[in-house]
Amino acid sequence: RFFTKTLKGMLTGSANEKIAEKIPTVRPYVPDFKRGIDHFCIHAGGKAIIDGVEKNMKLELFHAEPSRMALMNYGNTSSSSIWYELEYIQEHQKTNPLKKGHR
């Protein structure tokens, strides 16, 4: 990706404009984490953080629900928010409940 971006930058603005247009744009690969992970505990540092992780990792609403609830109920509690999120998954989440053997 870096190479194609640099090459396009070098060719732009010169006589080689047509060559620069033919170089394909390479999109970064984002793996589907949902295939290997059952539950996500996103840092509940704020709504923007949760929204950003949810968008970039292409998560469903129920994946970010425990983090949103921990933020709403306890606020930004740093690393201890993980325990609040796990409790929410275990006790309250109906759409994706915690089961033995989950990752």
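Which residues does Pro66 touch, not counting residues up to four places away in sequence? The answer is Glu85, Tyr88, Ile89 and Gln93. Keep in mind that this is a predicted model. We'll start with the whole chain, zoom in on Pro66 and its helix, and then follow some charged side chains.

**The whole chain**

- The protein chain has five helices and zero strands, so reading from the N terminus you get α-α-α-α-α, with helices and strands being what DSSP assigns.
- Of the 103 residues in the chain, 22% are buried.
- Take the contacts between residues at least 6 apart in sequence: 49% of them join residues at least 24 apart.
- The chain exposes about 7,700 Å², and carbon and sulfur atoms supply 59% of that area.

**Pro66 and its helix, H4**

- Pro66 sits in helix H4, which covers residues 61-74.
- Is Pro66 buried or exposed? Pro66 counts as buried because its relative accessibility is 1%, and the cut-off for buried is under 20%.
- Phe40 is 26 residues away from Pro66 along the chain, yet their C-alpha atoms are separated by 8.3 Å.
- H4 has 14 residues and reaches 20 Å from its first C-alpha to its last, close to the 20 Å expected at 1.5 Å a residue.
- H4 also has a kink of about 25°, and that kink is centred on Ser67.
- Pro66 has buried company in H4: His63, Ala64, Ser67 and Ala70 are buried too.
- What lies over these buried residues? The cover includes helix H3 (47-56) and helix H5 (81-91).
- Right after H4 comes Gly75, which has a positive phi, near 80°.

**The nonpolar core**

- Which residues make up the largest nonpolar core? It has five: Phe40, Ile42, Ile50, Leu59 and Ala64.
- Ala64, one of the buried residues of H4, touches Ile42, Ile50 and Glu54 if you skip residues up to four places away in sequence.

**Salt bridges**

- How many salt bridges does the structure hold? There are four.
- Here's the basic idea: side chains of opposite charge can pair when their charged atoms come close.
- One of the bridges pairs Asp51 with Lys47, and their closest N and O atoms are 2.8 Å apart.
- Asp51 and Lys47 both belong to helix H3 and are four residues apart, about one turn of the helix.
- That spacing fits a general pattern: an α-helix has 3.6 residues a turn, so residues three or four places apart point the same way.
- Lys47 counts as exposed because its relative accessibility is 54%, and the cut-off for exposed is over 50%.
- Asp51 also meets the side chain of Arg68 in a salt bridge, at 2.9 Å from N to O.
- This pair links distant parts of the chain, with Asp51 in helix H3, Arg68 in helix H4, and their positions 17 residues apart in sequence.
- Asp51 has a relative accessible area of 26%, so it is partly exposed, and Arg68, at 27%, counts as partly exposed as well.
- Glu54 and Arg68 form another salt bridge through their side chains, at 2.4 Å from N to O.
- This pair links distant parts of the chain too: Glu54 is in helix H3, Arg68 is in helix H4, and they are 14 residues apart.
- Why does Glu54 count as buried? Its relative accessibility is 11%, and buried means under 20%.
- Put the shared partners together and you get one network of salt bridges that joins Lys47, Asp51, Glu54 and Arg68.

**Loops on either side of H4**

- Lys58 is found in the loop between H3 and H4.
- Lys58 isn't a glycine, but it has a positive phi of about 55°.
- With a relative accessible area of 55%, Lys58 is exposed.
- Ser78 lies in the loop between H4 and H5.
- Ser78 is another residue other than glycine with a positive phi, this one near 60°.
- Ser78 is partly exposed, with a relative accessible area of 46%.

Terms used: Residues numbered from 1 in each chain as written. Predicted model: local features only at pLDDT ≥ 70, side-chain atom pairs only at ≥ 80, totals over all residues. Heavy atoms only, no water. Helix = DSSP H or I, 4+ residues; strand = E, 2+ residues; numbered from the N terminus. Buried < 20%, exposed > 50% of the residue type's maximum accessible area, 1.4 Å probe, protein only. Contact = heavy atoms within 4.5 Å. Expected span 1.5 Å × (residues − 1). Bend = angle between axes of the 7 residues up to and from the residue. Areas by Shrake-Rupley, 256 points an atom, 1.4 Å probe, with all protein chains shown as cover. Core = buried A, V, L, I, M, F, W, Y, C linked by side-chain atoms within 4.5 Å.
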